[in-house]
Amino acid sequence: MRAIGIAACLAVFLFALYNVVTIIQNYREIDKTYDEAVGQFTEIPSKTSDEESDGTGVPEVDFDALLQVNSDVIGWIYIEDTDISYPLLCGRDNQQYLFQSYENKYLTAGSIYIDYRCSRDFTDSRTVVYGHNMHNGSMFGKLDKFTKESYMKKHPYVYILLPTGETLKYEVKKAYKADVEGKVYDLPSGAAQNPEDRKLYLSTCTEDSSDTQRFVVECDFAESEVESRAEKPQ
């Protein structure tokens with residue numbers, strides 16, 4: 001009986017160790033995948049003295065190269081001074097990129113993607129962006145920090161960069177738990193009559209992985225800047 005007990009404890013320990021090692025490997029793969037994406041497809045432009053004062057660091061994205069990897073890429077999402085800097089996709093449904101990277105490979109963290117019912121040019125009155133709540137803080141794992149007013153003030157804007165050269169700027173307004181059957185997810189919402197009526201929702205799982213609620217950061221459209229990358233000086 002004693003030997004059986006020792007063997008059982010050893011089996012439990014080895015199983016737990018296997019799970020821990022697997023989790024660590026998964027997190028390393030996630031970080032490697034998206035760190036390489038940032039390094040390969042983005043570049044932070046040099047700033048003028050005026051720009052340095054406002055802290056702007058929105059990257060330039062090589063969409064020509066990125067779209068060759070995956071034609072489902074519709075943009076790039078960026079929040080300054082955070083880990084959120086990812087390719088943004090739209091699949092045939094909301095399951096396609098749940099566990100699939102922008103490289104079309106299996107990845108536990110999946111991709112950052114918009115609801116497939118939303119317009120790819122972000123002209124709808126409501127656009128929902130999904131991302132996993134990863135325990136290592138990657139993807140949308142740190143969205144809950146926006147519940148603190150001080151954090152929201154330090155990170156007031158979400159940027160969506162589009163392949164057309166347009167950069168959409170949204171202002172973070174509030175963070176809260178939303179019902180999965182509520183208004184946020186009642187899509188399609190249709191095109192907004194005015195740009196200022198557009199809303200962006202960053203959505204992820206709650207900490208308790210509730211089936212009925214999601215954690216949401218709600219943002220209002222602030223402004224749009226258009227740059228023709230094709231005409232950019234070489």
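## A walk through the chain, starting at its cavity

Thr 82, Asp 83, Ile 84, Gly 137, Met 139, Gly 141, Lys 142, Leu 143, Phe 146 and Tyr 151 form the lining of the largest cavity. This cavity has a volume of about 60 Å³. When the whole structure is searched, one cavity of 30 Å³ or more turns up. Keep in mind as you look around that this is a predicted model.

Let us step back and take in the chain. Its secondary structure consists of four helices and 10 strands. If you follow the sequence from start to end, you meet them in the pattern α-β-α-β-α-β-β-β-β-α-β-β-β-β. The chain has 234 residues, and 41% of them are buried. Its accessible surface is about 13200 Å², with 50% of that belonging to carbon and sulfur atoms. Of the contacts with a separation of 6 or more, 60% are between residues 24 or more positions apart.

Now for one strand in detail. How many of the five residues of strand β6 are buried? Five of the five are, so β6, which covers residues 126-130, is largely enclosed by the rest of the structure. In a regular strand, side chains alternate between the two faces of the sheet. In β6, Arg 126, Val 128 and Tyr 130 point one way, while Thr 127 and Val 129 point the other way.

Strand β6 also has partners. Five bridges tie β6 to strand β9 (residues 199-205), and these two run parallel. One pair to look for is Thr 127 with its bridge partner in β9, Leu 200. Strand β5 (residues 112-114) is joined to β6 by two bridges, and here the strands run antiparallel. In this pairing, Val 129 of β6 is the bridge partner of Ile 114.

Ile 114 deserves a closer look. This residue sits in strand β5. Is Ile 114 buried or exposed? With a relative accessible area of 0%, Ile 114 is buried. Beyond the residues up to four places away in sequence, Ile 114 touches several others, including Ile 74, Leu 88, Cys 90, Phe 122 and, from β6, Thr 127, Val 128, Val 129 and Tyr 130. Ile 114 and Gly 131 lie 17 residues apart in sequence, and their C-alpha atoms are 9.0 Å apart in space.

One of the contacts of Ile 114, Cys 90, brings us to the cysteines. A disulfide is a covalent bond between the sulfur atoms of two cysteines. How many disulfides does the structure hold? The count is zero. Cys 90 is in no disulfide, and the nearest cysteine sulfur, that of Cys 118, is 7.7 Å away. Since a disulfide needs sulfur atoms within 2.5 Å, this pair does not qualify. Cys 118 is likewise in no disulfide, its nearest cysteine sulfur being that of Cys 90.

Our last stop is Asn 70, in the loop between α3 (63-69) and β3 (73-78). Leaving aside neighbours within four places in sequence, Asn 70 is in contact with Leu 89, Tyr 97, Tyr 102 and Asn 104.

Here are the relative accessible areas of four residues from this tour. A residue counts as buried when its value is under 20%.

| Residue | Relative accessible area |
|---|---|
| Asn 70 | 4%, buried |
| Cys 90 | 2%, buried |
| Ile 114 | 0%, buried |
| Cys 118 | 5%, buried |

Conventions. Residues are numbered from 1 along each chain as its sequence is written. This is a predicted model: local features need pLDDT of at least 70, side-chain atom pairs count only at pLDDT 80 or more; totals for chains, interfaces and linings use all residues. Side-chain values use heavy atoms; hydrogens and water are left out. Buried means under 20% relative accessible area, exposed over 50%, partly exposed in between (1.4 Å probe, protein chains only). Two strands pair if DSSP finds at least two bridges between them. Contact means heavy atoms within 4.5 Å. Accessible areas come from the Shrake-Rupley method with a 1.4 Å probe; for residues, only the protein chains shown count as cover. On a 1 Å grid over the protein atoms alone, a cavity is a set of points where a 1.4 Å probe fits but cannot get out, and a pocket is an open set with protein on both sides within 12 Å along at least five of seven lines; lining residues have an atom within 4 Å of a point. Grid points are joined across faces, edges and corners, and a volume is the space filled by probe spheres set on the points.
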